[in-house]
Amino acid sequence: VSHLSDVRPKVVICRHLGPAMPLLLDRKDIDIVLWPEDRGCERAWLLENIKGAAGVLVLLPERVNEELLDAAGPSLRVVSTMSVGYEHIDLPLMAKRKIRVGYTPDVLTEAVADITLMLALMAGRNDGVAYSLVKNGGWAKPNFGWSPFTFCGPQLSTTASSPARTVGFLGFGRIAQATLARLVPFGITHCIYTSSPTSRPDVARDAALQTKYNLKVLERVDADRLARESDVLFVLTPGGKETYHIVDATFLRKMKPMSVLVNTSRGSVVDSDALATALREKWIWGAGLDVVEGEPAITTDHPLVKEPQCVMVPHIGSATFQTRLDMATRAIDNLIGGLFGGEMPAEL
Ligand code: DGY
């Protein structure tokens, strides 16, 4: 046993992974160090425990930077994040130090697309105000019985009197396309999107999507047109320096007064103060947010929390039992693959 433990690589797991845990615990060929509490892993604990580790499984809050790699030392060969996003990982540094990085794309696409649609509906249909009213007993008060135009908002689906609604995607990757698929049964036939300026137009993909969904319009546009023409605008681009505050006051000023903005990608893409102003001054109708700049430190005095037309949930886009189990499994498979020099199902 002592001989075995000498050669077993040490792996640090930053959070208990619930029902996926046996995939790690049943292995005899690794030495597991698990953060013992049911809350975010403390930095000091991680820096201490990562010494001499060959692999680490992290979540979004863990900054994987020079400090962490130096604490680990030269033994570290794989970092596996249980997330599709990787802005918490210094990728150039990983490449420089030849450390493999795994992430969890694909498995969360459908869950995030579901919540993206949910937020579009909630924000458009005044769910924040309406739900609070019910919770606070307001429904029973005389002013709030059914009345012709109280609580009205813009409709997501098309109608005979409003047949052309344009959906816009800031970023048109897997989750955006899965969201579009959900919008087609709502009668949506006009879709515009922006992509990273460095990416080439994908004419064949767009032609295929246009045919598949019977779209009248599927067009890659610039940010100016995206802002001006979208009735519902979905922010679905990765975070990071390139996309920081793309949705700022200038962008929001161009949007339609009845439009809805939904962000289910990264908080850093949207300037929160500008969005709060846009809602307060009615440049746009509403916002649905799963992610907010500066999260999780979002308190009740946050300008967006105070906006009645802003619906917010605390970064739960991928939070279904099925998806989280799939993400944890993939993160473990990536970790094990990288640890033993094998294939990682999703490597960056
Ligand atoms: C991710 O995986 O990056 C998501 O933000 C989690 O929901």
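For this protein, an unreviewed UniProt entry lists residues 12–345 under "domain: D-isomer specific 2-hydroxyacid dehydrogenase catalytic". Over residues 12–345 the chain is 33% helix and 14% strand, and the C-alpha atoms at the two ends of that range are 20 Å apart. The same kind of record, again an unreviewed entry, gives residues 118–317 as "domain: D-isomer specific 2-hydroxyacid dehydrogenase NAD-binding". Within residues 118–317, helix accounts for 30% of the chain and strand for 14%; here the end C-alpha atoms lie 10 Å from each other.

The structure is a predicted model, and its confidence scores should be considered before its details. The average pLDDT of the protein is 95, and 98% of the residues reach at least 70. The model as a whole scores ipTM 0.95 and pTM 0.92. An exception to be noted is the stretch of residues 1–5, where pLDDT stays under 50. For residues 1–5 the model has one contact beyond four places in sequence. Where pLDDT is low, predicted coordinates should not be read in detail.

In overall form, the C-alpha trace spans about 75 × 50 × 35 Å along its principal axes. The radius of gyration of the protein is 23 Å, which agrees with the value near 20 Å for a compact globule because the chain has 348 residues. Its secondary structure comprises 13 helices and twelve strands.

The chain is divided into two domains. Domain 1 is assembled from two segments, 2–105 and 322–339, whereas domain 2 covers 109–312. The centres of domain 1 and domain 2, taken over C-alpha atoms, are separated by 34 Å. Where the domains meet, four residues of domain 1 are in contact with six residues of domain 2. The side of domain 1 that touches domain 2 consists, by class, of one nonpolar, two polar and one charged residues.

Attention may now turn to the ligand. The residues around the ligand are Leu60, Ser83, Val84, Gly85, Leu108, Gly317 and Ser318. By class, this shell holds three nonpolar and four polar residues, and no charged ones.

Two features of the backbone remain to be described. Most residues other than glycine have a negative phi, and most peptide bonds are trans. Against this background, the bond joining glutamate 295 and proline 296 is a cis peptide bond, with omega about 5°. Proline 296 is placed in the loop between β11 (286–289) and β12 (310–312). The other feature concerns asparagine 214, a residue other than glycine whose phi is positive, near 55°. Asparagine 214 is located in the loop between α9 (203–213) and β8 (217–220).

Technical notes: Residues are numbered from 1 along each chain as its sequence is written. This is a predicted model: local features need pLDDT of at least 70, side-chain atom pairs count only at pLDDT 80 or more; totals for chains, interfaces and linings use all residues. A residue is near a molecule or strand if its C-beta atom, placed from the backbone, lies within 6 Å of it. Ala, Val, Leu, Ile, Met, Phe, Trp, Tyr, Cys and Pro count as nonpolar, Asp, Glu, Lys and Arg as charged, and the others, Gly among them, as polar. Domain bounds come from an automatic or database domain assignment. Two residues are in contact if their C-beta atoms, placed from the backbone, lie within 7 Å. UniProt positions are given in the numbering used here, feature names are shortened, and annotations may be inferred rather than shown by experiment. Helices (H or I, at least four residues) and strands (E, at least two) are DSSP runs, numbered from the N terminus. pLDDT is the predictor's confidence in each residue, from 0 to 100. The radius of gyration is taken over C-alpha atoms; the globule rule is 2.2 Å times the number of residues to the power 0.38.
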